[in-house]
Amino acid sequence: LVRGVCANPRAVTAGVLKGRPAAFVKACLAFCHITIPSLADPARRCRLLLVAGSLSLWRNFTPQFEGFLGVFFSTVPDIGSTALSQPSPGSPGGAEATVRELFQQVVSILVVAPGCPERGPLYLFRELLGCTD
């Protein structure tokens, strides 16, 4: 639902917004920012954080994008510890394959992400590398 709202908020809300679709989309992304961290499975959390982050980047909401990635970077280390304590039978390759898939997705998103004048152009890549330690 949030993906559909972000893609075309006027069509989803049937024109009720009257020129304020950006505020509505920000509210939907704020809802995601609050609810996604409450999920138990860290891999699912990371996937949803990447979807919400890419939507916020697509709508040019850079602060929200950075917020989703910050939560993503802090959630990635939990994938390995959860996989060791509760291995899931449906995931071939285990935690390594999941982290590899997530890193491929986040790097493809970071290619189009803007840099920060204060932190440098590649600070998100540095944070990604920092969460692997």
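Helix α3 covers residues 21–35 of this predicted model. With 15 residues, α3 reaches 21 Å from its first C-alpha to its last, close to the 21 Å expected at 1.5 Å a residue. Its buried residues are P21, V25, C28, L29 and C32. Looking down the axis of α3, these buried residues fall within an arc of 95°, so they line one face of the helix. The spacing fits a general habit: an α-helix has 3.6 residues a turn, so residues three or four places apart point the same way. On the face of α3 turned away from the buried side sit F31 and I34, both exposed. C32, by contrast, counts as buried because its relative accessibility is 10%, and the cut-off for buried is under 20%.

Stepping back, the protein has 7 helices and 0 strands, and reading along the sequence gives the pattern α-α-α-α-α-α-α. Of its 133 residues, 35% count as buried. The accessible surface comes to about 7,800 Å², and carbon and sulfur atoms account for 61% of that. As for how the chain meets itself, take the contacts between residues at least 6 apart in sequence: 57% of them join residues at least 24 apart.

What holds the middle of the picture is the largest nonpolar core, a set of 30 residues. Within this core, F65, L69, F72, L110, L124 and L128 touch the most other members. Two or more residues each come from α3, α4 (42–58), α5 (62–85), α6 (94–110) and α7 (123–130). Helix α5 gives the most, with 8 residues. In soluble globular proteins, nonpolar side chains tend to be buried together. L69 gives a closer view of these contacts: leaving aside neighbours within four places in sequence, L69 is in contact with L50, V106, L110 and L124.

Next comes α4, another helix that contributes to the core. The 17 residues of α4 should span 24 Å at 1.5 Å a residue, and its end C-alpha atoms are indeed 24 Å apart. The buried residues of α4 are P42, A43, R45, C46, L49, L50, A52, G53, L55, S56 and L57. One of them, C46, has a relative accessible area of 0%, so it is buried. Cysteines appear among the buried residues of α3 as well, namely C28 and C32, yet the count of disulfides in the model comes to 0.

Just after α4 there is a small oddity in the backbone: N60 takes a positive phi of about 65°, although N60 is not a glycine. Most residues other than glycine have a negative phi. N60 belongs to the loop between α4 and α5. Is N60 buried or exposed? With a relative accessibility of 64%, N60 counts as exposed, since the cut-off for exposed is over 50%.

Finally, α6 offers a residue that touches other parts of the chain. T98 is found in helix α6 and is buried, with a relative accessible area of 12%. Which residues does T98 touch, not counting those up to four places away in sequence? They are A43, R47 and I79. A43 is also listed among the buried residues of α4.

Note on methods: Residues are numbered from 1 along each chain as its sequence is written. This is a predicted model: local features need pLDDT of at least 70, side-chain atom pairs count only at pLDDT 80 or more; totals for chains, interfaces and linings use all residues. Side-chain values use heavy atoms; hydrogens and water are left out. Helices (H or I, at least four residues) and strands (E, at least two) are DSSP runs, numbered from the N terminus. The expected span of a helix is 1.5 Å times one less than its number of residues. Buried means under 20% relative accessible area, exposed over 50%, partly exposed in between (1.4 Å probe, protein chains only). The arc is that of the directions from the helix axis to the C-beta atoms. A nonpolar core is a set of buried Ala, Val, Leu, Ile, Met, Phe, Trp, Tyr and Cys residues joined through side-chain atoms within 4.5 Å. Contact means heavy atoms within 4.5 Å. A disulfide is a pair of cysteine sulfur atoms within 2.5 Å. Accessible areas come from the Shrake-Rupley method with a 1.4 Å probe; for residues, only the protein chains shown count as cover.
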